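Colleague: Could you take a close look at the salt bridging in this protein for me? I would like to hear which residues take part and what surrounds them.

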Amino acid sequence: SLAIDLMRTLQAACDGDQDLVEFHVRTGVDVNYAHPEFMSTPLVACILTGQENMALFLLGHGADPTLHSLFDDMTPLQAAQSVGMTSVVTRLREMGAA
């Protein structure tokens with residue numbers, strides 16, 4: 001079901017499982033969806049778990065660089081700055097995050 005795919009995408013992003021995230025992206029899973037139970041966006045969640053390549057992948061595949069993650073109470077830029085992920089900070093700024 002779509003709800004399970006959305007949860008799997010979030011978990012795969014946090015785990016750095018790019019093959020699974022790519023599969024879900026190809027099948028139409030919304031990379032900006034914050035599951036009501038978790039309220040964390042895949043982009044912010046993967047940044048906070050140190051998945052730099054995954055964050056860059058998501059940004060290249062439709063992740064909103066300004067979307068606030070309710071659970072984490074931060075934007076992708078705030079998350080990347082908090083963990084010192086400079087390449088993601090740079091990419092977010094290039095995409096208009098302020």
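Modeller: Happily! The count comes to 1 salt bridge, where a salt bridge is a side-chain nitrogen of Lys or Arg within 4 Å of a carboxyl oxygen of Asp or Glu. A word on the source: this is a predicted model, in which local features need pLDDT of at least 70 and side-chain atom pairs count only at pLDDT 80 or more, while totals for chains, interfaces and linings use all residues. Residues are numbered from 1 along each chain as its sequence is written, and side-chain values use heavy atoms, with hydrogens and water left out.

The partners are Arg 91 and Glu 94, whose closest N and O atoms are 3.2 Å apart. Both belong to helix α6 (residues 86-94), and because they are 3 residues apart there, about one helical turn separates them. Helices here are DSSP runs of H or I with at least four residues, strands are runs of E with at least two, and both are numbered from the N terminus. In general, side chains of opposite charge can pair when their charged atoms come close.

How open is each partner? Arg 91 is partly exposed at 33% relative accessibility, whereas Glu 94 is exposed at 55%. The cut-offs are under 20% relative accessible area for buried and over 50% for exposed, with partly exposed in between (1.4 Å probe, protein chains only).

Stepping back to charge as a whole, the protein has 4 positive and 12 negative charges, and their mean positions are 6 Å apart. Lys and Arg count as positive and Asp and Glu as negative, leaving out His and the chain ends; each charge is placed at NZ of Lys, CZ of Arg, CG of Asp or CD of Glu.

One of the acidic residues deserves a glance too. Asp 73 lies in the loop between α4 (52-60) and α5 (76-83), and its phi is near 50°, a positive value in a residue other than glycine. Most residues other than glycine have a negative phi. Asp 73 is exposed, with a relative accessible area of 57%.

As for the setting, the protein has 6 helices and 0 strands. Its radius of gyration is 12 Å, close to the 13 Å that the globule rule gives for 98 residues, so it is as compact as a globular protein of that length. That radius is taken over C-alpha atoms, and the rule is 2.2 Å times the number of residues to the power 0.38. Buried residues make up 40% of the 98.
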